Amino acid sequence: VFTTKRETGKTLSGIGLALCERLLAEDGEIHLCLACRNMQRAEAAQAALLLSHPGSDINLLRVDVGNIKSVIEAAQEIMQRYQRLDYLYLNAGIMPNPRINLKAFINGLFSSKVISMFATGEGLLTQEDWVTDDGLQQVFMTNVFGHFLLIRGLEPLLGQPGCPSQVIWTSSNNARKSAFSLTDYQHGHGQESYSSSKYATDLLSVALNKHYNSQGLFSSVICPGLVLTNLTYGILHPFIWTLLMPIMWLIRVFTNSFTLNTQNGTEALVWLFKQKPESLDPLVKYHSCTSGFGNNYVVPRKMDLDIETAEAFYKKLLELEQNTKKNDGVTENYR
Ligand SMILES: NC(=O)C1=CN([C@@H]2O[C@H](COP(=O)(O)OP(=O)(O)OC[C@H]3O[C@@H](n4cnc5c(N)ncnc54)[C@H](OP(=O)(O)O)[C@@H]3O)[C@@H](O)[C@H]2O)C=CC1
Ligand SMILES: CC(C)CCC[C@@H](C)[C@H]1CC[C@H]2C3=C(CC[C@]12C)[C@@]1(C)CCC(=O)[C@@H](C)[C@@H]1CC3
């Protein structure tokens, strides 16, 4: 999470940890707060960051964004600890039990869409999802709604007179309009909960800008590209990814989205850290890219969405939030 001069890392490894390393290298004065569900791993991340950046201010906070009560308590704790948040990086995300659709992959290899298939993974993956104790779909809760509740709980700290705040979501190239439906926005009836949740993230960011820009809160979405982390190790074994490395370097020549390592993947996150939030386009996703020669850069791309759908989705989230409050946050089925 974040504070006075800067940031939040919701994760302790992967892209979140690399982001913290890079932010500390950018600005040694920042106050970091890592909001994590596993305190042992959080402490390990804190120790690693202190080793490379001795003396920096790095705090920890326990939060499970997959659990309503935990998010509400975390927001209250942050309200007590800080007066202001400059950056809120919403990075936690899951893709449970991913399965590759081999037929779609082989067909894709011989189609004209082969490059876009590698860049987006469109149609190649299915996931399992389940219902949480709060009665919500787990992927939706973790990737979208938990973060939304956190933002709502932290509203007073986000965007104060003369001092804008940035909310930065780790979305994905895999966000897909056809995987998302307003009538099943939690994706309880499909097998592409990840794609759906990332599309929902993009919609939500657009709606947040509409409702909060006037009070100094600015929301952006990024895609880190394909990065080898625990998330992708759930798709293929790390050893297989290592074997595929030469092929992936080759693919990178044709699609700049194979960033592959966490340092490259954080490019857009760090770039946003240095931007004036007012200058950003709310309808654009910022992509971390790596060229065939290994150079990093950021590419803005218009998102495939409309403001009316974003607004309708936002209303549904507000209703869901109301229900969670009515039911005291736990055990009822809110869908
Ligand atoms: N890797 C990739 O190719 C891509 C990743 N992304 C996105 O990047 C983000 C980071 O993923 P990445 O670093 O790759 O993967 P990791 O699995 O390494 O990181 C995910 C992080 O999210 C945390 N997390 C998961 N569930 C919860 C929860 N309920 N409460 C709190 N924290 C939680 C995990 O914590 P813990 O350590 O306890 O498991 C972990 O640190 C995700 O949003 C992902 O969707 C987007 C596009 C591509
Ligand atoms: C590279 C190899 C020769 C074969 C690997 C095939 C697939 C397992 C990958 C091809 C494109 C990949 C991809 C993702 C996962 C693995 C692939 C489908 C993501 C969906 C992972 C999570 C994301 O958020 C996306 C940005 C990735 C898009 C590309």
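Threonine 229 sits in the loop that links β8 (217-223) to α8. This is a predicted model, and in it threonine 229 has 19 C-beta neighbours inside 10 Å, so it counts as partly exposed: a residue needs 20 or more to be called buried. A short walk along the chain brings us to threonine 232, which belongs to helix α8 (residues 230-233). Threonine 232 is also partly exposed, because 17 other C-beta atoms lie within 10 Å. From C-alpha to C-alpha, threonine 232 and methionine 39 are 23 Å apart in space, with their positions 193 residues apart in sequence.

Threonine 229 also gives us a way over to leucine 260: the two are 31 residues apart in sequence, while their C-alpha atoms are 8.8 Å apart in space. Leucine 260 lies in the loop between α9 and α10 (262-265). Its backbone deserves a look, since leucine 260 has a positive phi of about 70° although it is not a glycine. Histidine 187, in the loop between β7 (165-170) and α7 (193-212), is another non-glycine residue with a positive phi, here about 60°.

Why do histidine 187 and threonine 229 fall into separate burial classes? Histidine 187 counts as buried because it has 24 C-beta neighbours inside 10 Å, whereas threonine 229, with 19, counts as partly exposed. The table sets out the four loop and helix residues met so far.

| Residue | C-beta neighbours within 10 Å | Class |
|---|---|---|
| Threonine 229 | 19 | partly exposed |
| Threonine 232 | 17 | partly exposed |
| Leucine 260 | 21 | buried |
| Histidine 187 | 24 | buried |

Now for the strands. Six bridges join β2 (residues 31-36) to β3 (residues 57-62), and these two strands run parallel. Between them the chain passes through helix α2 (residues 39-52), making a β-α-β crossover that is right-handed. Within this pairing, cysteine 33 has asparagine 59 of β3 as its bridge partner.

Strand β4 (residues 87-90) is covered on both faces: Tyr87 and Tyr89 are buried on one side, Leu88 and Leu90 on the other. β4 pairs with β7 in the parallel sense over four bridges. One residue to pick out is leucine 90, whose bridge partner in β7 is tryptophan 169.

Burial shows up in the helices too. Helix α1 (residues 14-26) has 13 residues and spans 19 Å from its first C-alpha to its last, close to the 18 Å expected at 1.5 Å a residue. Its buried residues include Gly14, Ile15, Leu19 and Leu24.

Which residues touch the most other members of the largest nonpolar core? They are Leu34 and Ile168, in a core of 77 residues. Helix α6 (residues 138-154) contributes the largest share of this core, 10 residues.

Finally, let's turn to ligand 2. Of the 18 residues around ligand 2, those that come nearest are Gly121, Leu124, Ser172, Asn173 and Asn174. Helices α5 (114-120) and α9 (238-254) each supply at least two residues of the shell, and the largest share, four residues, comes from α9. How do the shell residues divide into nonpolar, polar and charged? The shell around ligand 2 has 12 nonpolar residues, six polar and no charged.

Terms used: Residues are numbered from 1 along each chain as its sequence is written. Chains are lettered from A and ligands numbered from 1 in the order in which they are written. This is a predicted model: local features need pLDDT of at least 70, side-chain atom pairs count only at pLDDT 80 or more; totals for chains, interfaces and linings use all residues. A nonpolar core is a set of buried Ala, Val, Leu, Ile, Met, Phe, Trp, Tyr and Cys residues joined through C-beta atoms within 7 Å. A residue is buried if 20 or more other C-beta atoms lie within 10 Å of its own, exposed if 12 or fewer, and partly exposed in between; C-beta atoms are placed from the backbone. Two strands pair if DSSP finds at least two bridges between them. A crossover is right-handed if, with the strands pointing away from the viewer, the path from the first strand over the helix to the second runs clockwise. A residue is near a molecule or strand if its C-beta atom, placed from the backbone, lies within 6 Å of it. Ala, Val, Leu, Ile, Met, Phe, Trp, Tyr, Cys and Pro count as nonpolar, Asp, Glu, Lys and Arg as charged, and the others, Gly among them, as polar. The expected span of a helix is 1.5 Å times one less than its number of residues.
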